[in-house]
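Visitor: I am new to this structure and would like a close look at a single part of it. Could you take me through that part slowly, explaining the terms as you go?

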Amino acid sequence: MSSTRPFILTLWAASLAAVAWLSLTPGSDAPSLFPHQDKLFHLLVYTWLALLPMRGFATRSAAFTGVGAVILFGAGLEVAQAFVPLRQPSLADLIANIIGAGCGAWLGVRLKMRDYLKQIRMDQHYKLDGSRK
């Protein structure tokens with residue numbers, strides 16, 4: 001996993017930049033496919049933004065600090081939208097961001113636990129097999 005960490009953190013930075021650009025670009029009246037689709041998009045995007053630091057940082061405290069930064073990032077973008085033409089801040093969007101970040105953190109913990117248990121099983125297999133220590 002350590003060799004993929006720089007890639008994951010670079011992807012996280014690029015994702016943050018893309019979300020900032022999309023959030024601060026003057027809005028358009030694009031048609032919705034279904035009611036409240038933007039809330040679902042917020043939830044999914046912030047799940048992604050929180051999952052990346054959970055996978056990319058080596059320590060749990062750094063990972064959760066990254067998730068906290070994602071929440072603050074989302075709050076800051078919501079405030080900044082008050083100054084962008086055809087955009088407006090939304091408490092509902094902020095709540096979707098926070099729920100999404102929570103989902104990403106939860107998923108990140110589950111994936112790390114899966115990786116940890118997989119490593120334990122491999123270590124036990126090699127001990128019992130005798131082919132490796």
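Guide: What follows is a walk around one helix and its surroundings. The model is predicted, so local features need pLDDT of at least 70 and side-chain atom pairs count only at pLDDT 80 or more, while totals for chains, interfaces and linings use all residues. Residues are numbered from 1 along each chain as its sequence is written, and side-chain values use heavy atoms, with hydrogens and water left out.

The part in view is helix α2, residues 37–56, where a helix is a DSSP run of H or I with at least four residues, numbered from the N terminus. Within this helix lies K39, which counts as partly exposed because its relative accessibility is 24%, between the limits of under 20% for buried and over 50% for exposed (1.4 Å probe, protein chains only). Leaving aside neighbours within four places in sequence, K39 is in contact (heavy atoms within 4.5 Å) with S90, A92, D93 and A96. Of these, A96 is 57 residues away in sequence, yet the C-alpha atoms of K39 and A96 are 5.9 Å apart.

Helix α2 also contributes to the largest nonpolar core, as do α1, α3 and α4, each giving two or more residues. That core, a set of buried Ala, Val, Leu, Ile, Met, Phe, Trp, Tyr and Cys residues joined through side-chain atoms within 4.5 Å, has 16 residues, and those with the most contacts inside it are Y46, L49, V67 and V70. Beyond its neighbours within four places in sequence, V70 is in contact with W12, Y46, L49, A50 and A101.
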